[in-house]
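Student: I have a structure to look at. Can you help me reason through the terms used for it?
Tutor: Gladly. Let us take it term by term.

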Amino acid sequence: MLGFITRPPHRFLSLLCPGLRIPRPSVPCAQPRPRAMAVSSSSCELPLVAVCQVTSTPDKQQNFKTCAELVREAARLGACLAFLPEAFDFIARDPAETLRLSEPLGGRLLEEYTRLARECGLWLSLGGFHERGQDWEQTQKIYNCHVLLNSKGAVVATYRKTHLCDVEIPGQGPMCESNSTMPGPSLESPVSTPAGKVGLAVCYDMRFPELSLALAQAGAEILTYPSAFGSVTGPAHWEVLLRARAIETQCYVVAAAQCGRHHEKRASYGHSMVVDPWGTVVARCSEGPGLCLARIDLSYLRQLRQHLPVFQHRRSDLYGNLGHPLS
């Protein structure tokens, strides 16, 4: 069903920054079933992004069918960029199945998403593709690769997850991503898109503020954390971390998430969302697969950075330059 996420009053921000223009008060939020949607005409000049929430399984073709339905709905609703979560391609039952189902970037699945981007005429953030890299024959391990496609279906950026999730959380079960995955060697410079300059990350990366600071200093206006958070860490940390990354970088944060039970061994928290540079959650998915929409107001972002110029106030002489700018 359709709904609206309403931005809370910004009276305190207005008091601190009298000249700051506050964005439009309502942001559309939807699941993809309805065929009609109300979007405020006064904000239609701002780029619209869609955040997709899915429940991936080991069935790659069914996962693609679900994602394609959401992407087509996002295009119908006027989005210029759609974000898919980590492991949008599949979530396997064990490392052996993960390796067996993985593909190179030039494989059949990415070809299908290339055609989908062209068909829909919008950009796609493919938030965590199980990639057989060029070193597959030597390592027999894959990369967790965030792929960005433009509206013509061309790959314009790839980022391979640098922080691997090797953790043991009581009540959630152990996870050792490094059993099947290699860490990426570098960060990717922010990419200009119709919605703004996008900095690429993946899930567990959000726990490392140095990465987000580096992307922000390199010009990022939107940080994206496609994820598959667990049922214990999700309620405790998910929203807190996303809002913190938005506030400290003064960027929009877009987080597409896996949700629900993938198979008998794994479930994910969901709660996909968009956070604005003030730290306000401006769009959020409801339970289950679906999508939410948000307008990206870069003039608001620039005004906020002007009124709160935190990057100009950093004391690198005291604590070093956290998050060195990308070359």
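Student: Why are helix 6 and helix 7 called oblique to each other?
Tutor: This is a predicted model, and its helix axes cross at roughly 40 degrees. Angles under 35 degrees count as roughly parallel, and 65 to 115 as roughly perpendicular. The crossing fits neither range, so helix 6 and helix 7 are oblique.

Student: Which residues does each helix span, and within what distance do the axes come?
Tutor: Helix 6 covers residues 209-217 and helix 7 covers residues 233-249. Their axes come within 10 Å.

Student: Is the crossing left-handed or right-handed?
Tutor: The crossing of helix 6 and helix 7 is right-handed.

Student: What makes this a contact, and which residues meet?
Tutor: Contact means heavy atoms within 4.5 Å. From helix 6, P209, S212, L213 and A216 meet R245, E248 and T249 of helix 7. By class, the contact has 3 nonpolar, 2 polar and 2 charged residues.

Student: Now the largest pocket. What is its volume, and how many residues line it?
Tutor: Its volume is about 990 Å³. The lining has 41 residues. P174, M175, C176, E177 and R266 lie nearest the centre of the pocket.

Student: Which strand gives the most to that lining?
Tutor: Strand 9, with 4 residues. Elements that each supply at least two include helix 3 (95-101) and strand 5 (123-131).

Student: How do the lining residues divide by class?
Tutor: Into 17 nonpolar, 15 polar and 9 charged residues.

Definitions and conventions: Residues are numbered from 1 along each chain as its sequence is written. This is a predicted model: local features need pLDDT of at least 70, side-chain atom pairs count only at pLDDT 80 or more; totals for chains, interfaces and linings use all residues. Side-chain values use heavy atoms; hydrogens and water are left out. On a 1 Å grid over the protein atoms alone, a cavity is a set of points where a 1.4 Å probe fits but cannot get out, and a pocket is an open set with protein on both sides within 12 Å along at least five of seven lines; lining residues have an atom within 4 Å of a point. Grid points are joined across faces, edges and corners, and a volume is the space filled by probe spheres set on the points. Ala, Val, Leu, Ile, Met, Phe, Trp, Tyr, Cys and Pro count as nonpolar, Asp, Glu, Lys and Arg as charged, and the others, Gly among them, as polar. Axes are lines fitted to C-alpha atoms, for helices over the stretch in contact, and angles run from 0 to 180 degrees between N-to-C directions. Angles under 35 degrees count as roughly parallel, over 145 as roughly antiparallel, 65 to 115 as roughly perpendicular and the rest as oblique. A crossing is left-handed if the near helix is turned anticlockwise from the far one by less than a right angle, and right-handed if clockwise.
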